[in-house]
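Here are my notes on the model you sent over. I've kept them as numbered points so you can follow along with the viewer open.

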Protein chains: 4
Amino acid sequence: MEPGRLEAFSDGVLAIIITIMVLELKVPHTSDWAALLGLAPKIGDYVLSFVYIGIYWNNHHHFFQAVKRVTGATLWANLHLLFWLSLVPLGTGWMSETDFAPLPVAAYGFLLLMAAIAYFILTQTLIAEPGRNTDLQKALGRDYKGMLSPLIYIAGIAAAPYSALVSLALYALVALIWLVPDRRIEAALNQ
Amino acid sequence: MEPGRLEAFSDGVLAIIITIMVLELKVPHTSDWAALLGLAPKIGDYVLSFVYIGIYWNNHHHFFQAVKRVTGATLWANLHLLFWLSLVPLGTGWMSETDFAPLPVAAYGFLLLMAAIAYFILTQTLIAEPGRNTDLQKALGRDYKGMLSPLIYIAGIAAAPYSALVSLALYALVALIWLVPDRRIEAALNQ
Amino acid sequence: MEPGRLEAFSDGVLAIIITIMVLELKVPHTSDWAALLGLAPKIGDYVLSFVYIGIYWNNHHHFFQAVKRVTGATLWANLHLLFWLSLVPLGTGWMSETDFAPLPVAAYGFLLLMAAIAYFILTQTLIAEPGRNTDLQKALGRDYKGMLSPLIYIAGIAAAPYSALVSLALYALVALIWLVPDRRIEAALNQ
Amino acid sequence: MEPGRLEAFSDGVLAIIITIMVLELKVPHTSDWAALLGLAPKIGDYVLSFVYIGIYWNNHHHFFQAVKRVTGATLWANLHLLFWLSLVPLGTGWMSETDFAPLPVAAYGFLLLMAAIAYFILTQTLIAEPGRNTDLQKALGRDYKGMLSPLIYIAGIAAAPYSALVSLALYALVALIWLVPDRRIEAALNQ
């Protein structure tokens with residue numbers, strides 16, 4: 001199968017996830033600065049999740065440029081990734097609702113960790129397909145980012161009972177690492 | 001007509017259905033383990049419905065690969081399928097809200113049964129179109145899965161007053177049967 | 001401009017409208033037959049609106065098959081149509097919420113009337129574009145359906161203070177008239 | 001990378017934003033004219049935001065017709081634009097909820113201002129890419145509209161504490177200026 005419809009479906013789900021989070025930002029009932037300031041941490045939270053979904057969309061976009069055909073296994077590996085990402089709005093809302101209590105902050109890190117693992121499985125599924133994906137393997141090379149991210153997430157989860165700020169800083173750090181889209185793939189394709 | 005826009009529209013509806021169910025997972029107001037455990041059966045419920053929508057998307061994707069042209073009848077047969085699937089979030093939410101009471105569990109099975117029937121009608125509509133779809137017929141062959149699924153759904157509905165667990169196990173069983181995408185079509189196309 | 005992106009955007013908006021209406025079907029808090037029966041008129045309501053959005057999508061799909069290029073005016077005529085259709089979930093919800101009181105039933109008919117007018121403007125905008133759309137004009141021919149529908153809507157609006165049932169029957173009648181997709185266009189294209 | 005998937009993702013997000021605003025239009029619980037009149041300013045509000053999202057979609061559509069390839073920087077400049085637009089439903093809802101109080105009206109203008117700046121950054125990112133976008137630069141020419149809009153937004157924000165009506169009139173004025181799609185690009189492409 002060609003990857004066109006898989007990409008379109010993923011685009012649809014990611015577009016909805018990114019905008020569903022706005023629904024969690026409840027419209028304030030008063031019109032003063034206190035209402036706006038009360039919204040501020042939720043908006044900060046929204047920015048982080050927006051950037052994360054944006055990163056996954058960008059990397060998904062980059063990676064699938066090198067993919068010519070997909071199998072049933074790829075479809076499910078992709079749905080598995082979308083499943084964990086679809087829970088991000090819930091995790092984001094729980095953190096906001098509880099003013100960044102330890103358990104919700106750790107749960108949010110857990111969702112990011114599972115999404116990272118799902119993305120890893122997706123890339124490996126594509127590379128494992130017989131014959132045609134040696135370019136992908138070469139392009140990924142030694143996936144330093146992919147190996148580093150889970151470790152930082154685990155550190156962030158472990159830090160949650162002590163300091164939500166440290167956890168969030170670690171989650172934001174991973175986002176920063178990934179903000180640069182995957183030039184490795186672009187480079188390998190250009191050769 | 002070419003099936004491109006029918007596929008895009010179906011992808012859009014299915015992507016929204018799959019993510020709308022997340023909105024039923026209400027953000028807990030407390031931040032303890034009890035809140036997370038209270039969420040657990042709803043998340044299990046969400047997983048089942050997510051997998052079901054995923055299965056329909058996968059099979060839809062596979063099946064339409066062998067379809068070259070669609071008529072007005074096909075558009076409506078497809079909308080009929082989307083109608084029943086669009087009620088799945090409601091059925092999922094009702095089960096969760098009532099802690100898997102008999103009637104909601106039976107109603108959920110009824111929705112799955114109607115979706116299965118709608119999918120059957122859709123495939124038959126495509127096969128019935130004159131001349132060009134003998135490949136589809138051959139690919140479907142004797143549709144064991146398609147004939148077995150409704151029987152298991154009916155058993156699940158019948159079991160609902162006695163044991164919600166048995167009903168859910170039967171619904172999950174059908175999901176397992178279908179998790180393998182339709183290799184028959186792939187095989188017939190490859191010849 | 002080519003119509004591809006206009007079609008994709010319209011598909012997206014219509015897919016969301018059709019599924020947003022499900023959110024109005026609030027999950028019942030009890031699990032008995034009374035809850036299910038209480039849901040019944042809302043589901044009937046949902047079916048009518050689902051069919052209406054489906055009809056617009058089908059006709060939109062058919063009509064744009066004969067369209068090769070679009071201008072800025074077409075983009076806005078199309079957005080105008082989507083605007084009225086986007087209010088259909090609100091109208092549907094208001095009817096359900098008030099048990100089909102006269103004003104909401106009339107307001108629903110008004111939305112359908114405005115959507116019909118917007119669709120008429122859209123087709124005329126496309127036909128009015130210089131030179132290339134004589135096929136469209138010929139295909140539409142004498143647009144009996146397009147001229148009859150507004151009259152039936154107005155009758156339905158006028159009947160609302162006397163009998164919601166008559167109004168709804170008239171709205172359903174228009175749906176029935178349109179359920180057959182626009183064979184005129186198919187026929188003209190096939191020549 | 002080709003811009004196809006960026007366009008599809010943007011279409012998806014904009015389609016959802018435009019329809020999410022309808023969810024803010026809460027279904028009235030009574031069925032009298034007072035309920036409908038109470039809805040009127042919210043619908044007026046919705047029209048303004050609908051037109052704004054429509055303008056961005058139209059201009060986005062026009063502009064990307066002249067774009068052949070996109071880089072990672074473009075993807076993020078585009079996501080940045082979508083971020084500010086995704087907050088428009090929240091701003092719209094806040095204005096409606098507080099009966100157009102000064103702060104929400106100013107905040108709405110701020111969102112429009114940031115979206116305008118994000119659109120400017122997006123166009124400049126595309127033009128700055130080496131070699132291939134001289135057509136775009138020529139097409140944009142002296143971007144009078146793009147330079148005028150932020151000034152009017154700032155005037156609208158400044159007017160909010162004195163008169164919400166003046167602010168809204170200024171925001172509507174910018175919408176009117178942009179309602180005509182970007183003929184400059186069409187003209188330059190036709191040469």
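Before the points, a word on handedness: a crossing of two helices is called left-handed if the near helix is turned anticlockwise from the far one by less than a right angle, and right-handed if clockwise. Keep in mind throughout that this is a predicted model.

1. Let's start with the helix pair that needs that definition. In chain D, α2 (residues 33–65) and α8 (residues 164–179) have axes that come within 10 Å and cross at roughly 35 degrees. The crossing of α2(D) past α8(D) is left-handed. From α2(D), the contact uses D:L48, D:V51, D:Y52 and D:I55, while α8(D) brings in D:Y171, D:A172, D:A175, D:W178 and D:L179. What classes of residue make up this contact of α2(D) with α8(D)? There are 9 nonpolar residues, with no polar and no charged ones.

2. Next, the overall make-up of a chain, taking chain A. Its secondary structure amounts to 9 helices and 0 strands, so to speak a run of α-α-α-α-α-α-α-α-α when read along the sequence. Of the 191 residues in chain A, 50% count as buried. If you take the contacts in chain A between residues at least 6 apart in sequence, 79% of them join residues at least 24 apart.

3. Now for how the copies relate. Chain A superposes on chain B through a rotation of 90 degrees, with 0.0 Å of shift along the axis and an RMSD of 0.0 Å. This is the relation of a four-fold axis. Which residue of chain A comes closest to the rotation axis? That is A:G12, whose C-alpha is at 4.3 Å. The copies use different surfaces, and 12% of the contact residues of chain A recur in chain B.

4. On to the contact of chain A with chain B. Here 25 residues of chain A touch 25 residues of chain B. On the chain A side, the elements giving two or more residues are α1 (4–24), α3 (72–86), α4 (88–97) and α5 (102–128). The most comes from α1(A), with 8 residues. Sorted by class, the chain A side that touches chain B has 18 nonpolar, 5 polar and 2 charged residues.

5. The pair of chains B and C can be read in a similar way. A rotation of 90 degrees with 0.0 Å of shift along its axis puts chain B on chain C, at an RMSD of 0.0 Å. In chain B, B:G12 is the residue that comes closest to the rotation axis, with its C-alpha at 4.3 Å. The copies use different surfaces here too, with 12% of the contact residues of chain B recurring in chain C.

6. As for the contact itself, chain B gives 25 residues and chain C gives 25 residues. On the side of chain B that touches chain C, two or more residues come from each of α1 (4–24), α3 (72–86), α4 (88–97) and α5 (102–128) of chain B. The largest share of that side, 8 residues, belongs to α1(B). The side of chain B that touches chain C is made up of 18 nonpolar, 5 polar and 2 charged residues.

7. Have a look at α4(B) while you're there. How many of its residues are buried? The count is 10 of 10, which leaves α4(B) mostly covered. Among the buried residues of α4(B) are B:P89, B:G91, B:G93, B:W94 and B:E97. The buried residues of α4(B) pack against α1, α2 (33–65), α3 and α5 of chain B, together with α1 (4–24) of chain C. Just after α4(B) comes B:D99, with a positive phi of about 50 degrees.

8. At the start of chain B, B:E2 lies in the segment before α1. Is B:E2 buried or exposed? B:E2 is exposed, because 11 other C-beta atoms lie within 10 Å, and the cut-off for exposed is 12 or fewer. In space, B:E2 and B:V67 are 8.7 Å apart, C-alpha to C-alpha, with their positions 65 residues apart in sequence.

9. Last, a residue of chain C. C:F120 is found in helix α5 (residues 102–128) of chain C. C:F120 counts as partly exposed because it has 17 other C-beta atoms within 10 Å; buried would take 20 or more, and exposed 12 or fewer. The C-alpha atoms of C:F120 and C:M95 are separated by 26 Å, and the two residues are 25 apart along the chain.

Definitions and conventions. Residues numbered from 1 in each chain as written. Chains lettered and ligands numbered in written order. Predicted model: local features only at pLDDT ≥ 70, side-chain atom pairs only at ≥ 80, totals over all residues. Contact = placed C-beta atoms within 7 Å. Helix = DSSP H or I, 4+ residues; strand = E, 2+ residues; numbered from the N terminus. Nonpolar A, V, L, I, M, F, W, Y, C, P; charged D, E, K, R; others polar. Axes fitted to C-alpha atoms, helices over the stretch in contact; angles between N-to-C directions. Least-squares fit on C-alpha atoms with pLDDT ≥ 70 in both.
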